[in-house]
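Student: I should like to go through the reasoning behind some structural labels. Please set each value against its definition.

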Amino acid sequence: MSPFAGIGYLVAAVLFILGLKGLGHPRTAVRGNLLGSLGMLIAVVVTLLEQSIVDYRAVVAGLLVGAIAGALLAQLVRMTAMPQMVALLNGFGGVASVLVAIATLLQERDAGRLMLQTSIAASASVLIGAVTFTGSLIAFAKLQELMSGRSIGFRGIQAFNALLLLGGIGFGALLASNPDAEIWLWGLVLVAGLLGLLLVLPVGGADMPVVIALLNSYSGLAAAATGFVLSNSLLIIAGSLVGASGLILTRIMCRAMNRSLANVLVGGGTASGPAADADSVYAGKIKSAGPDEIAMLLESAQRVVIVPGYGLAVAQAQHAVRDLTNTLEARGVEVEFAIHPVAGRMPGHMNVLLAEAEIPYEKLKEMDEINPSFAQVDVVIVLGANDVVNPLARTDPQSPIAGMPILDVDKARTVVVVKRSLSPGFAGIPNPLFAADNCLMYFADGKKAVIDLNQALKNV
C-alpha cells in the first residue's frame, strides 16, 4: 500500500468514527451521515487509484446502477417501510461479503498463491455473510407481511441450529485445509444459508427491532472478515465499527425489553402462562370519545404528552401530529413526546418519523427521562402504541411482556388512546390500560383522528 493510500484510508477511518459519533444524537445525525458518506467516497476513490488494472467501464456501470437504485429507494420507499429496507440492506451487505470472499478465494487458489489465513478469513466471511443474507430476507418478509410475523419453528429447532453452526464451522475448517475441494465451499454456503433462515424464523414480530440491530452487526462482522481476505485495513476498520455498534445497539434493545439475546433468538416471546381473555378485560369497561370531547380536555390541559407507536407510522400521521402540537403550543400548552426504545419496528423508528415532520429534537423524551413525571401530565395521547404502554408488563409475571420496561402512561390524569380497534399488539395480548378509569378510546384512523381533533380544538 502506497503512502497516498495510507493517508487516504486514515482520513476515511477518522470520518467513519466521527460519522458514527454524530449518529448517536438526533441533532447531529444528518451531519454524521454525511461524514460517513464522505469517508466511503474517499475509501472507494483511493482503492480504485491503487489498482494497477481496473475496468472503469464496469466500475462506472456499477456506480450508475447503485446510484439509481439508491435514489429510487430513497424517494419511493415510505417511512413505514423503512425497517424492511434496513433489513434488506443488511442482507445486501452480507451477500456482497460472500461473493467477494468466494471470488477472491477461487482467484488466489487458481493463481497458486492462496495462504491459510486467506482461506480461514474467506470461510468466516462466507459463514457470517450467508447467515446475514438469508436471515435478513426472512426479517424483510415478516416486516413486509409476506409471511406471518409470529414465531415459526419446530420442536428441537435450537438444537438443530447448534448442529448447523457446528457443521458450518466444520465445513469452514475443511475448506481452509483443502481449498481445492469446492464441495466444502458450497456445503458451507448451503449450511450457513439454512442457519440464517432458521435463526430468524422463530423470532416474533415484537422482537424484530432486536433482530435488525443484530443482523446489522453481522453484516459488519462479515465485512471485517472480507477485509482480511482482501488484506484491506480500511474494510477491517469499517466492518469492525459496524459490528461493534450493532452489538451495542442490540444490547440496548434487549435491555429495553428486559430480554436476553438468547431468549430473543430462540423465540422466547411466547407466554409462560395462559393469556388473559380480551372479553374479560374489556367487557363493559371501555369508554369511547370523539374529537369534540377530547378537544375540551385539551383546552384545559397545561401539559400534554404524545406517545407515538407503529400505528402512527402506518397512518402517516406525523405531519398531522406536528400541526396538533403547534395548535396546542399556541394555546400555551407544554407538549412533549415520550419515546420507547422499541416503539415501531426498528431502533429509532419513531425518532425518524418525528424528525421528518420537523418536530424539535428537544421535545423527544426517552423513557427513563419522562417516566417519573407522568403523574404530573394532564393528558397523554397514545397514537398506535400498544405493548410499550401495557401495564401487564408490571403486574402479570405470566405475561409475554413481563418485566419489560414500559411508558407509565396509566399514571397520567387522563389517557387518550387512538386506535382503529381493540386489536392486540405484536405480543398478542389485551391491554388493561384501555379499560382503565382514566382512559378514553378514540377509535379512528390515526391521521384522520389527529386532523379531526386539531380542527375540533380550533373550534373550541
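Student: What makes residues of helix 15 count as buried, and which are they?

Tutor: In this predicted model, H349, M350, N351, L353 and L354 of helix 15 are buried. Buried means under 20% relative accessible area, exposed over 50%, and partly exposed in between (1.4 Å probe, protein chains only). Helices (H or I, at least four residues) and strands (E, at least two) are DSSP runs, numbered from the N terminus.

Student: Against which elements do the buried residues of helix 15 pack?

Tutor: They pack against helix 4 (82-110), strand 1 (303-308), helix 13, helix 14, strand 2 (334-339) and strand 3. Contact means heavy atoms within 4.5 Å.

Student: Why is E358 called exposed?

Tutor: E358 has 65% relative accessibility, and therefore counts as exposed. E358 lies in the loop between helix 15 (349-356) and strand 3 (364-366).

Student: What is notable about the phi of E358?

Tutor: E358 is not a glycine, yet its phi is positive, near 60 degrees. Most residues other than glycine have a negative phi. Q316, also not a glycine, has a positive phi of about 55 degrees; Q316 sits in the loop between helix 13 (310-315) and helix 14 (318-330).

Student: Why is N454 called buried or exposed?

Tutor: N454 has a relative accessible area of 8%, so N454 is buried. N454 belongs to helix 18 (residues 446-459) and touches D323, L324 and T327, leaving aside residues up to four places away in sequence.

Student: What conventions apply?

Tutor: Residues are numbered from 1 along each chain as its sequence is written. Local features need pLDDT of at least 70, side-chain atom pairs count only at pLDDT 80 or more, totals for chains, interfaces and linings use all residues, and side-chain values use heavy atoms, without hydrogens and water.
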